[in-house]
Amino acid sequence: MLDGQEAGVTGTTVAQVMAELAVLEDPKMREANEKRGDDHGVNLGKLRALAKQLKTQQDLARELWATDDTAARLLALLICRPKAFERDELDTMVREARAPKVHDWLVNYVVKKNPASEELRLTWSTDPDPVVASAGWALTTERVAKKPEGLDLTGLLDAIEAEMKDAPDRLQWAMNHCLAQIGIQHAEHRARAIDIGERLEVLKDYPTPPNCTSPFAPTWIAEMVRRQHEK
């Protein structure tokens, strides 16, 4: 791979990486991914293997991001240094990240580890762009689960109750996740969270594979609470 260069050698060019990604491209995988809005055909396991070979290269990551190629951007997010990005740089990136997988990895692998994550959470949560707002809600869900101190959980439930039913898909999904986490993690708000989920019926009929938990908030909350009690 990469013309026989040793793993992690700095100086790897964008052209070399793009050529390697082209070799990994699988038309059938692209077809499957495009149904989910992800315009790439690279197996994610192979992409991670390539990232492991390249190791951390922040400059190369920035250059790969600039190609606007989805596979290259996913790779960039695996080889970057999350704390090296400036706040405004991440704000620009989240607005550029239209492929769902790129958006998801950017928020979870990079923004959550960046010192500006809380400032960005507050900024994005009320953004008029629903995809950007969904990033803010994803960061809020992280805080609900891991660092709820200072959050207005009642206010979050008020917003979810008023806005989730008619929200665009990506934003609706993120708000629903937050609703479920409030119900799972905070017993004092559980009854209201379940009530909101039951009345709004968001994702109630979502097709769920066997042995997987439904994303319908009341079902999700009940299952995770049951597991907690079994521990």
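Two rings of Phe, Tyr or Trp (for Trp, its six-membered ring) make an aromatic pair if their centres lie within 6.5 Å. Keep that in mind for the first exercise, and remember throughout that this is a predicted model.

**Exercise 1. Find out how many aromatic pairs the structure holds, and work out whether the pair of tryptophan 105 and tyrosine 109 is stacked, edge-to-face or tilted.**

Step 1. Start with the count: the structure holds two aromatic pairs.

Step 2. Pick tryptophan 105 and tyrosine 109, whose ring centres are 5.1 Å apart, with 35° between the planes.

Step 3. Now check the angle. Planes under 30 degrees apart would be stacked and those over 60 edge-to-face, with the rest called tilted. At 35°, this pair is tilted.

Step 4. Look at where the two residues sit. They are four residues apart in helix H7, so about one helical turn separates them.

Step 5. Compare their surroundings. Tryptophan 105 is buried, because its relative accessible area is 2% and the cut-off for buried is under 20%. Tyrosine 109 comes out at 27%, which makes it partly exposed.

**Exercise 2. Which residues does tyrosine 109 touch, once its neighbours within four places in sequence are left aside?**

Step 1. Go to helix H7, where tyrosine 109 lies.

Step 2. Skip the sequence neighbours within four places, and you get Arg48, Leu78 and Pro82.

Step 3. Zoom in on arginine 48. Its side chain and that of tyrosine 109 are joined by a polar contact of 2.9 Å.

Step 4. For a sense of scale, try glutamate 149: it is 40 residues from tyrosine 109 in sequence, and the two C-alpha atoms are 23 Å apart in space.

**Exercise 3. Work out how the buried residues of H6 are arranged around the helix axis, and what they pack against.**

Step 1. List them: Leu90, Asp91, Met93 and Val94 are the buried residues of H6.

Step 2. Look down the axis of H6. These buried residues fall within an arc of 165°, so they line one face of the helix.

Step 3. See what they meet. The buried residues of H6 pack against helix H4 (58–66), helix H5 (70–79), H7, H8 and H9.

Step 4. Take aspartate 91 from that list. With a relative accessible area of 14%, aspartate 91 is buried.

Step 5. Ask for its partners, not counting residues up to four places away in sequence: aspartate 91 touches Leu120 and Trp124. With tryptophan 124 there is a side-chain to side-chain polar contact of 2.8 Å.

**Exercise 4. Compare three salt bridges: which parts of the chain does each one join?**

Step 1. Get the total, which is 22 salt bridges.

Step 2. Try aspartate 129 and arginine 98, whose side chains meet at 3.5 Å, N to O. This pair links distant parts of the chain, 31 residues apart. Aspartate 129 is in the loop between helix H8 (117–125) and helix H9 (130–146), while arginine 98 is in the loop between helix H6 (87–96) and helix H7 (100–110). Aspartate 129 is partly exposed at 22% relative accessible area, and arginine 98 is partly exposed too, at 40%.

Step 3. Move on to glutamate 118 and arginine 121, with a salt bridge of 2.8 Å, N to O. They are three residues apart in helix H8, so about one helical turn lies between them. Glutamate 118 is partly exposed at 29%, whereas arginine 121 is buried at 8%.

Step 4. Finish with arginine 199 and aspartate 195, whose closest N and O atoms are 2.9 Å apart. Both lie in helix H12 (residues 190–200), four residues apart, about one turn of the helix. Arginine 199 counts as partly exposed at 45% relative accessibility, and aspartate 195 counts as partly exposed at 33%.

Step 5. Follow that last pair outwards. Asp195 and Arg199 belong to a network of salt bridges that also links Asp158, Glu161 and Arg192.

**Exercise 5. Which ring does the charged end of arginine 73 sit over?**

Step 1. Find the charged end of arginine 73 and look for the ring: it is that of tryptophan 65.

Step 2. Read off the distance, which is 4.3 Å from the centre of the tryptophan 65 ring. That fits the cut-off of within 6 Å of the ring centre.

Conventions:
Residues are numbered from 1 along each chain as its sequence is written. This is a predicted model: local features need pLDDT of at least 70, side-chain atom pairs count only at pLDDT 80 or more; totals for chains, interfaces and linings use all residues. Side-chain values use heavy atoms; hydrogens and water are left out. A salt bridge is a side-chain nitrogen of Lys or Arg within 4 Å of a carboxyl oxygen of Asp or Glu. Helices (H or I, at least four residues) and strands (E, at least two) are DSSP runs, numbered from the N terminus. Buried means under 20% relative accessible area, exposed over 50%, partly exposed in between (1.4 Å probe, protein chains only). The arc is that of the directions from the helix axis to the C-beta atoms. Contact means heavy atoms within 4.5 Å. A polar contact is a pair of N or O atoms within 3.5 Å; within protein, one must be able to donate a hydrogen and the other to accept it, and residues adjacent in sequence count only if both atoms are side-chain atoms. A charge sits over a ring if NZ of Lys or CZ of Arg is within 6 Å of the ring centre and within 35 degrees of the ring normal.
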